[in-house]
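Reader: Hello! I am new to this structure and would love a close look at one part of it. Could you walk me through that part once it is on screen?

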Amino acid sequence: MLVSIVSYGLAVGAVYALIGITYNVMFSASRVFSFTAGMLGMLGGVLGALFINTMGMNAVLAFVLVMAAGAVLGLVTEILTVRPVLKSIEQHLYVLSTLAFALMIQQVTAIEYNTEPQPFPVLLPIDPNSWLGIVDQKFWLPVLACVVTIVGLELLYRKTLIGRAFLAIAEDSYAARALGLPETRLRMASYAIAGVIGALAGFTGAQMLLAFIGNQAILNFYGFVPVALGGMGSNRGAVIGGLALGLFQQAANFLVGGIFASVAVFAVFIIVLLLRPEGLAGAAAARRV
Amino acid sequence: MTDTAAPISATKAPTGLLGKLEGKISWIILGLVGLFLPLLDDNYIGVIAQRAYIYWVLSAGLNLVVGYAGQIAIGWVSMLTLGAYTTAALAAGRVGGVEWHPYLALIAGGAMGAVFGVIVGLPALRLRTFYFAMTTLGFATIVTQVALAWKDVTGGGVGTPGPNFPWPFEPGWGFYYFCFILAALATWITANIGASRYGRALVAIRDAEVAAEASGIAKPKLLILIFLLAGAMGGVAGGLFSSLQSYITPDAFTFEMSVLFFIGILIGGRGSILGPALGTIILTALPEFAAPLVQWSTFLYAALLLVIVLVIPGGIADLLDYKNRRPLEQHREIVPRPELLSRILDSKSELSTIALSGIALHFGGVRAIDGLDLEIRSGEVHGLIGPNGSGKTTTLNVISGYYRPNAGQLKLNGADLPFDKPYARAGYRIARTFQTPRLVGAASVLENVMIGGTIDGSGSFAEAMLSLPRHHRDEKRLKESAARALATVGLESLANVRADRLQHSELRFMEIARALMLRPAFLLLDEPAAGLSAEEIRRLGALIKAISREGTGVLLVEHHADLIFDICDRVTVLNLGKMLAAGTPAEIRSHREVVSAYLGA
């Protein structure tokens, strides 16, 4: 039982962490929390199942296409729902515009694909009796994806010039613009990267979570919890928070039942935020007057 | 300078019986249609109408949360779920084995909604927009999960039957009138609140939170009341819904319903009652009359939401607001009438003093204020000048309670003034204006000024909700004193114009009018002359001087040296958070360091 709690918990936690990173990448570039994070995760699974199961595509090609779709959706999100409202005096319009866009995609998926959970194919042809098959790939794939993403982002941010430009925008977008950084293009790039990460979370997690439109709301919420608790914009917080959330949820699932796990997560989320609105690791906000 | 005596009649509110009817005619038509709809004897239309009424009972309450207070409570469908299951389970005797009378069960549903409305709403007091939206969403998901899992009470996935209400609202047209009456009641209650000082305070919290605080509006208390009411209305709507559906399962309460409520309000327009009511009716009825659209209805709602947000954030109400598209007079002049001040301000016999001693405030390593002593006395204008970043506004923010200094004392007549409580300053009659005018753009100038007098109302929230006499007296008095304050600063001709149509200089005078509504013992002005013409500055100076002569202590943060030296009784010069000099204008003008550091030769 302990093994299954840990393996399942870490795997689900890795998916939450990836969705949390998706939120963060978009937030860093635009100070916007986008409801499209969960949608990307949902679509990663649905498109994967559609390409491989329904259309009979090869898994590698399907993977590439899903990532491309994620990037395109990220770009559309930026152009359609974020850029038009960034300049608005109304601070919260992005909440509504991104929610509307995510709902539209979800509805198209429901009507054109399926409203019920669909199976997701086994991606790697691994013999379950070989040493590679000791832990099911549906558990280690999301964890691997999470590790690759973190290492990739870290390399991007620390080692490349464009990565430093991302950091500059995240730190102070006015100053970055004054330095001549192409803020709009960097923001688009960030949204495309976020799209890929979100789709990656869905694609690698779908053997476990299935291809299901209902995942959108679940991932939106459970992906946001680690961001809120770990401090917005902090990928380290998102990963630690995501894994902890996954483990806690699975343990509670086994020990006291799923429904109490949900209630407990929600209660912890609310209480922590009420006590520390900036998150457990975040810093307090600035002046208002 | 041209003739200044003639008042400019830019816009006038409709007066008389006809004018009153003009505002209400849409409601009368809606009411008559609802009242006589049963004559059609069409059950199908009847059911659609009942659903629209039920949704409106919820949406009317949600409208106060979303449209007025600006809180993005997306998952409000959870209140419908809670109310429906509470009513149905109690009426069916699933709790404790006793079958509750349906009407009692409905009241219990409302109470359940009220309790959870507050619980779900509480995070709004501390959390940012998106966080709050997320918590309401998360709550809605969890309520559905609990409904699925808690089989004893909810019947799980199989569901539970909803109650039939006995006489006089038995199923059929009796129940129709029940829904109709409750929808009308919901409209009346929320319209009363919307038009009261509580409604204006909510909008002020939404659009100008710091100004609301400075006017003494305590956000937590007000929001909790609103969440309580909106939750209760959602719960009652749920109880009615369970009866209309006759059988409820968790599937009946989809997130799409939340979106429908939400979009109905946004289509209608924020801060309006009629608009959201029409929006809700249209959205409820539309899919019924366009059968092929049913499958796509949620998609269309979402698309509509996107279009509204991107194209008409103001909703239908804005589009219909033809009065505010009439052009305003081009060359307007602000002519304050300081002689009217004695009718607004209390005559103050005893003198009072705000004293700062040794105040120090650091932001990280930056010493914004570094040991400042300052005294503001009633009846005097105290100028605070200094280069940018010398701590002038920060000092003002400490006095008005936005910042807690690291050291030092702040006393009013010898007693400590509490820090960290900006909304409590109004009670001490300490008013202020802001460097950037803080206004409710969509409200009229008069309403903006009325916000300043919020704490002087005596009617309770319940009295406002039920439109009782004390509330009417409050409104009358507030309106009169706001009109007087506007006349005093010279803006009475613009009283009924939307505030966001005003010029910058007019907004500065409007802020002063709003501050005067407090009958301030102390008035803190943050660069009131910035952006004003020379003539306007002269008039502003005369007005400020006159205010101080009525016994009000004025602290004037300014860059215009002429204005400072013209009207100030005493001047303090700041540099790098420290006092560089203090004294009469004449002393300051000849102070060598001040001249070299700030004024220039």
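Reader: Is E463(B) buried or exposed, and what is its relative accessible area?

Author: Happy to help! First, a word on the source: this is a predicted model, in which local features need pLDDT of at least 70, side-chain atom pairs count only at pLDDT 80 or more, and totals for chains, interfaces and linings use all residues. Residues are numbered from 1 along each chain as its sequence is written, chains are lettered from A and ligands numbered from 1 in the order in which they are written, and side-chain values use heavy atoms, with hydrogens and water left out.

Now to your residue. E463(B) counts as buried because its relative accessible area is 15%; buried means under 20%, exposed over 50%, and partly exposed in between, using a 1.4 Å probe and protein chains only. E463(B) also has a partner: a salt bridge joins E463(B) to R470(B), with 2.9 Å between the closest N and O atoms. The term stands for a side-chain nitrogen of Lys or Arg within 4 Å of a carboxyl oxygen of Asp or Glu. In general, side chains of opposite charge can pair when their charged atoms come close. R470(B) is partly exposed, because its relative accessibility is 35%.

Let us set this pair beside others in chain B. R539(B) and E535(B) make a salt bridge too, at 3.2 Å between the closest N and O atoms. Both residues sit in helix α21 (residues 534-549) of chain B, four residues apart, or about one turn of the helix. Helices here are DSSP runs (H or I, at least four residues), numbered from the N terminus. R539(B) is buried at 8% relative accessible area, while E535(B) is partly exposed at 29%.

Another bridge spans distant parts of the chain. R200(B) and E475(B) meet through their side chains at 3.1 Å, N to O. R200(B) belongs to helix α8 (residues 197-207) and E475(B) to helix α19 (residues 469-489), 275 residues apart. Both R200(B) and E475(B) are buried.

How does this fit the whole? Over all chains there are 31 salt bridges. In chain A, E78(A), R83(A), R177(A), E183(A) and R187(A) are linked in a network of them. Between chain A and chain B, however, the count of salt bridges is zero.

Methods. Helices (H or I, at least four residues) and strands (E, at least two) are DSSP runs, numbered from the N terminus.
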